[in-house]
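Open the structure in your viewer and keep the sequence panel visible. This tour tells you what to select at each stop and what is there.

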Amino acid sequence: MPIRTLIHFGFGFVLLFSSVGVALADMPEYRADGLPEPSIATSLPANGDPFGHRAALAAQGVNFNLWYRNDTLGNLAGGQRRGFVNQGLFEPSLSIDFGELAGLDGLSFYSNLFVIHNTGRMRRDYVGGVNTIAAIEAVPTLRLSELWLEQKFLDDRMSLRAGVLAADVEFFFSAASTLFLQSDFATISALNLPSGGPAYPLATPGIRFAVNPVRDATWRIAVYNGDPAGPGAGDEQVRNHNGTNFRVRDPALIFSEAELRANRGDQDQGLARTLKLGGWAHLGGFDDMRRTDDGSRLADPASSGVPLRRRGNGGLYAVLDQQLFRPAGGGADSGATLFLRGSVSPSDRSTIGQYLDGGVVFAGLVADRPEDRFGFGLIYARFSDGVRDYDRDRLSFPGGTGHVRDYELNLELTYQARILPGFDLQPVLTRIWHAGGEPGRNALVAGIRAHIRF
């Protein structure tokens, strides 16, 4: 079934159930007065709402959020070149609960924008790696991100979402990992999917269905247009510069994921756990990493130079957030939490064959600074056997230069300090080994991030 037909069906399904009124919209990220939690507005006179407009909108089910992140980062050693960058992401978002606004229970709307600025891109311009160093890195622009309707029904046990969607907000996602600047859509998916897949800063038309058969279990599946930017030369973020390509004719990308949770409630005593098992499949064509269409080696100067086309690509993954220590009276995110994500993809048509990231997050352990968090995180991305074989082939022919790409490894150390509610400062130190898979190309990046949420 074409992606366009699926999306039309999804919108129709949402509108059909919008008249049934069997579920209550849930916006837990907002307080009754319309402030996100936390918000720097709580440190301002009248909570930053002197005329009561924000509270009045919230009473009608309309909430907005203004979030700004800024990084100052320097490559102190190694990589491609030394230097500093400043980058920022301003993200306004709007949420509407149509149950509150118009009596359409369970129907909600969400949209967000990205206003991106920078003086350079640390990963691409200075380090030359493949793993994320700071997840807000992107081409400067004003960009539409997500724009969707969601209908919940059967007492919120099922939901359908349709519109312009980003996969990285729901799939292959570790909540514990979000402390780290390098937390992002996993490298293996970003490099193996056309245009990096529907992940920051790109989104694409799609539909997502989710069901909660029991309290602590969720299954979700989504179908997206398979190329957020569309085919072409150059940077995919330039090809879809403002997020308004709205492509629906590309081969589909399908994600499916099962999630199991334990001890996530505020009153639970045991160690919290979230386990996700999932996979993705892209129905388009992909170039073979080593072979041409006539069966010869792609690196051979005498070959046709046209890669063999493979049908489809995919991957399997697992995500674990496991609390290691829960202080007395602490919540599911307090104490110490281990996170792990791992994935594999076919080697003959994938740039990255194996991927693993993980780390430990410590929260609420500083007695007089209960909102501070700190920890360490690792990313390991191994280039596929197909890529490595191509490199070996290239070196075996006369005049072949370069190296055999092996892996890239990132280690991030960070501390997030709460200055005011809604205002955090976060120093960071990141060590990169084998940037871009090149043995001996290492780098050291240091800097600070500021978070402001209003």
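The stops below go from strands to cores, then to single residues and empty spaces.

**Before you start**

This is a predicted model, in which local features need pLDDT of at least 70 and side-chain atom pairs count only at pLDDT 80 or more, while totals for chains, interfaces and linings use all residues. Residues are numbered from 1 along each chain as its sequence is written, and side-chain values use heavy atoms, with hydrogens and water left out.

**Stop 1: strands S1, S2 and S3**

Select residues 62-78, which form strand S1, and residues 83-97, which form strand S2. Helices (H or I, at least four residues) and strands (E, at least two) are DSSP runs, numbered from the N terminus. S1 and S2 run antiparallel and are joined by 14 bridges; two strands pair if DSSP finds at least two bridges between them. For one facing pair, select Arg 69 and Leu 89: Leu 89, in S2, stands opposite Arg 69. The hairpin of S1 and S2 has 4 residues between the strands, and Gly 79 takes a positive phi near 70° there.

Now add residues 107-118, strand S3, which runs antiparallel to S2 and is joined to S2 by 9 bridges. Phe 90 has Val 115 in S3 as its bridge partner.

Is S2 largely enclosed or not? In S2, 11 of the 15 residues are buried, so the strand is largely enclosed by the rest of the structure. Buried means under 20% relative accessible area, exposed means over 50%, and partly exposed is in between (1.4 Å probe, protein chains only).

**Stop 2: strands S7, S8 and S9**

Select residues 217-225 for S7 and residues 252-262 for S8. These two strands run antiparallel, with 9 bridges between them. Asn 225 has Ala 252 in S8 as its bridge partner. Next add S9, residues 273-292. S8 and S9 also run antiparallel, joined by 10 bridges, and Ala 262 stands opposite Arg 273 in S9.

In a regular strand the side chains alternate between the two faces of the sheet.

**Stop 3: the nonpolar cores**

A nonpolar core is a set of buried Ala, Val, Leu, Ile, Met, Phe, Trp, Tyr and Cys residues joined through side-chain atoms within 4.5 Å. Select Phe 172, Tyr 224, Phe 255 and Tyr 355, the residues with the most contacts inside the largest core, which has 26 residues. Elements that give two or more residues to this core include S7, S8 and S9. S13 gives the most, with 3 residues.

Stay on Phe 172 and show its surroundings. Beyond its neighbours within four places in sequence, Phe 172 is in contact with residues including Ala 186, Ile 188, Tyr 317, Val 319, Arg 341 and Tyr 355. Contact means heavy atoms within 4.5 Å.

A second, separate core has 13 residues, among them Leu 73, Val 85, Val 127 and Leu 181.

**Stop 4: two single residues**

Select Thr 292 in strand S9. Is Thr 292 buried or exposed? Thr 292 counts as buried because its relative accessibility is 1%. Leaving aside neighbours within four places in sequence, its contacts include Arg 297, Leu 298, Ser 303 and Pro 307.

Then select Leu 429 in strand S15, residues 423-433. At 36% relative accessibility, Leu 429 counts as partly exposed. Not counting residues up to four places away in sequence, Leu 429 touches Leu 411, Glu 412, Leu 413, Leu 444, Val 445 and Ala 446. Draw a C-alpha to C-alpha distance from Leu 429 to Leu 181: the two are 10.0 Å apart in space and 248 residues apart in sequence.

**Stop 5: a cavity and a pocket**

On a 1 Å grid over the protein atoms alone, a cavity is a set of points where a 1.4 Å probe fits but cannot get out, and a pocket is an open set with protein on both sides within 12 Å along at least five of seven lines; lining residues have an atom within 4 Å of a point. Grid points are joined across faces, edges and corners, and a volume is the space filled by probe spheres set on the points.

The structure holds 4 cavities of 30 Å³ or more, and the largest has a volume of about 60 Å³. Select Ser 177, Phe 180, Arg 341, Asp 357 and Ile 379, which are among its lining residues. S13 supplies the largest share of this lining, 3 residues.

Finish at the second largest pocket, with a volume of about 920 Å³. Of its 46 lining residues, Ala 190, Leu 191, Leu 193, Ser 195 and Gly 196 lie nearest its centre. The largest share of this lining, 6 residues, comes from S9.
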